[in-house]
Amino acid sequence: MTLASCAFFMALVGWISWAKTRGTAETRDGYFLAGRGLTATFIAGSLLLTNLSAEQLIGLNGSAYGHNLSSMGWEVTAAVATIAMALVFLPKYLAGAFTTLPQFLNDRFDADVRRMSVLLFMLGYGLVTIPSVLYSGSLAVIAFFDIPALTGLGDFSALVLTVVLIGVIGAIYAVFGGLRAVAVSDTLNGIGLLIIGILVPVLGLMALGDGSFAQGLARLTTQHPEKLNAIGSSTDPTPFGTIFTGMIFANLFYWCTNQYVIQRTLGAQSLAEGQKGVLLSGFFKILVPFMMMIPGVIAFHLYGPGLGSIDEAYPRLIRDVLPVWLSGFFLAVLLGAVFSSFNSLLNSAATLFALDIYAPAKSTPVSDAELVRVARIASVVIAVFSFAIAPLLSLAAEGLWQVIRIFTGFYNIPTIVIVIVGLFTARVPALGAKIVIVFHVIAYGLIRFVFDEVITLHFIHLYAVLFVIEVAIMLVCGWLRPREEAWRFTRAEKVDLTPWRHAKPAAITLFSCVVATYLLFSPVGLASTSGPGLLFGILISALVLINALVWIVSARRAA
């Protein structure tokens with residue numbers, strides 16, 4: 001029943017994706033940018049599913065079960081980065097009609113900077129990010145449905161089988177359907193994720209309250225209030241101070257410059273639709289603590305601190321509260337989340353190879369048909385390579401999260417540095433960008449692998465320190481060796497660049513939601529033994545009043 005219902009839902013998603021995309025993936029823009037026709041709904045749905053995968057479902061709930069809600073910082077503060085993307089970066093990207101970030105770097109600096117950035121992205125995607133998505137997704141499926149017992153295979157053989165099955169099905173969307181198929185399937189699976197995300201906490205609270213949702217909610221908010229505290233101390237997984245230092249730049253990299261995230265925004269049918277989609281995805285990020293961390297706290301109340309591993313919390317809760325007849329739907333949603341991240345990464349890696357490596361290397365113009373053919377071949381090669389690498393991650397003594405964290409650090413900060421300096425200065429030369437990339441790789445490698453016992457600064461704070469140093473390097477290069485001719489942004493827009501008239505008030509409301517969420521999950525709010533007090537009410541009322549005034553002023557100006 002589980003397998004049949006899962007197969008039905010996945011087949012439905014596949015059929016709708018095929019029906020929506022057939023005949024649209026044969027041209028360059030059609031394959032890589034969905035014909036520059038994505039609306040806000042598909043952009044938001046694809047961004048949501050691209051960002052959320054199995055490791056968040058298990059990892060965030062596990063962190064809430066074992067510690068508190070401090071790890072919500074990565075999710076909730078990402079909304080601030082979506083504001084920057086919607087208001088600052090996206091207008092520039094769409095005005096230049098770029099398909100990839102390295103194309104922008106080629107326009108702003110030179111071909112060498114383009115090649116260096118592509119090399120960083122391709123190594124990061126191929127060796128770490130794509131295999132880790134496959135690996136973590138396979139672990140989640142194995143944890144929830146006990147694949148070794150189901151198939152009679154050993155643990156490693158079951159892992160390899162799951163990796164290949166997930167990879168093959170996920171690759172079909174990216175290889176044959178291009179970005180539009182990825183975006184459509186992401187949105188449909190995103191609807192399923194939202195349903196599960198709401199259903200599990202509700203069923204969990206009913207179990208906690210012996211059948212009563214209200215009693216379960218009362219128990220959650222009155223017993224062990226420290227579990228609802230998002231203001232992390234220095235010993236918590238995410239110290240509160242980090243959200244004001246390196247986390248800002250890590251989120252800016254991810255949401256504003258990471259190719260596999262921004263590619264669906266580059267396919268927007270207009271700037272207004274792109275801004276709506278990006279900001280809507282920011283509002284979805286605000287829901288993550290409620291959907292993917294509160295269940296972990298519920299598991300703590302139900303089972304106590306005695307589970308063998310914190311990562312067992314969410315799978316145990318799912319098995320106990322989710323009706324059997326919904327298990328197939330849950331498996332389909334879980335697989336959909338894994339497919340989304342995998343096929344988005346695969347599509348973006350193939351895009352980078354075709355447009356930033358293959359096409360520039362050719363001495364003659366390359367036709368759309370040839371580019372699409374090369375991208376499909378590249379997708380297959382990268383997918384097969386990731387099948388081989390993914391199971392090997394089980395041998396990493398540091399654990400998956402440590403591997404991802406270490407190797408992402410090699411390219412996230414230099415990328416955001418050269419993009420920000422490139423956008424907001426006109427005289428900083430390509431030399432500055434090249435020095436920053438080389439400096440960062442060497443300095444970060446030494447700090448992480450040679451002087452790791454001497455330099456004990458939290459890795460998120462380290463991001464901030466390196467960001468400041470690298471911005472200074474580029475500005476000094478601009479002062480000592482400025483470009484002979486100031487760079488001018490070349491407009492080549494292919495879509496309507498009229499901004500969404502409600503973009504700024506929506507951004508203010510989104511930022512207010514970030515503040516309100518932190519107030520709710522703090523000693524001022526639910527993390528207090530006495531519950532939310534007068535100060536909480538005053539602060540929330542002030543936020544509501546500010547937003548009411550902003551929207552009134554916006555409505556009057558629009559009229």
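Two helices count as roughly perpendicular when the angle between their axes lies from 65 to 115 degrees. In this predicted model, the axes of helix α6 (residues 78–95) and helix α13 (residues 259–266) cross at roughly 70 degrees, and α6 and α13 are therefore roughly perpendicular to each other. Helix α6 also packs with helix α23 (residues 503–520), where the axes cross at roughly 170 degrees. The points below take up these two helix contacts, then residue T509, and then the aromatic rings.

**Helix α6 with helix α13**

- The axes of α6 and α13 come within 11 Å of each other, and the contact is made by M85, L90, Y93 and L94 on the side of α6, with I262, T265 and L266 on the side of α13.
- By residue type, this contact of α6 with α13 divides into 6 nonpolar residues and 1 polar residue, with no charged residue taking part.
- Helix α13 is mostly covered, 8 of its 8 residues being buried; the buried residues of α13 are Q259, Y260, V261, I262, Q263, R264, T265 and L266.

**Helix α6 with helix α23**

- The axes of α6 and α23 come within 9 Å and cross at roughly 170 degrees, and, because angles over 145 degrees count as roughly antiparallel, α6 is described as roughly antiparallel to α23.
- On the α6 side the residues that meet α23 are A79, V80, T82, I83 and L87, and their counterparts in α23 are A503, A507, L510, F511 and V514.
- The residues of this contact of α6 with α23 divide into 9 nonpolar and 1 polar, again with no charged residue.

**T509 in helix α23**

- T509 has its place in helix α23, and its relative accessible area of 18% makes T509 buried, because buried means under 20%.
- When its neighbours within four places in sequence are left aside, T509 is in contact with F283, N547 and W551.
- With N547, T509 forms a pair that is 38 residues apart in sequence, while the distance in space is 6.1 Å, C-alpha to C-alpha.

**Aromatic pairs and cluster**

- The count of aromatic pairs comes to 22, and one of these pairs is formed by F98 and F104, which are edge-to-face, with 5.6 Å centre to centre and 75 degrees between the planes.
- Both rings of that pair belong to buried residues, F98 having a relative accessible area of 8% and F104 a relative accessibility of 1%.
- F240 and F244 form another edge-to-face pair, with 5.3 Å centre to centre and 85 degrees between the planes; here F240 is partly exposed, at a relative accessible area of 25%, whereas F244 counts as exposed, at 55% relative accessibility.
- One aromatic cluster is formed by F121, Y125, F253, Y254, W255, Y260 and Y411, and Y260 is also among the buried residues of helix α13.

**Charges over rings**

- K92 lies over the face of F489, at 5.0 Å from the ring centre.
- R316 lies over the face of Y303, at 4.2 Å from the ring centre.

Definitions and conventions:
Residues are numbered from 1 along each chain as its sequence is written. This is a predicted model: local features need pLDDT of at least 70, side-chain atom pairs count only at pLDDT 80 or more; totals for chains, interfaces and linings use all residues. Side-chain values use heavy atoms; hydrogens and water are left out. Axes are lines fitted to C-alpha atoms, for helices over the stretch in contact, and angles run from 0 to 180 degrees between N-to-C directions. Helices (H or I, at least four residues) and strands (E, at least two) are DSSP runs, numbered from the N terminus. Angles under 35 degrees count as roughly parallel, over 145 as roughly antiparallel, 65 to 115 as roughly perpendicular and the rest as oblique. Contact means heavy atoms within 4.5 Å. Ala, Val, Leu, Ile, Met, Phe, Trp, Tyr, Cys and Pro count as nonpolar, Asp, Glu, Lys and Arg as charged, and the others, Gly among them, as polar. Rings of Phe, Tyr and Trp (its six-membered ring) pair if their centres lie within 6.5 Å; planes under 30 degrees apart count as stacked, over 60 as edge-to-face and the rest as tilted. Buried means under 20% relative accessible area, exposed over 50%, partly exposed in between (1.4 Å probe, protein chains only). A charge sits over a ring if NZ of Lys or CZ of Arg is within 6 Å of the ring centre and within 35 degrees of the ring normal.
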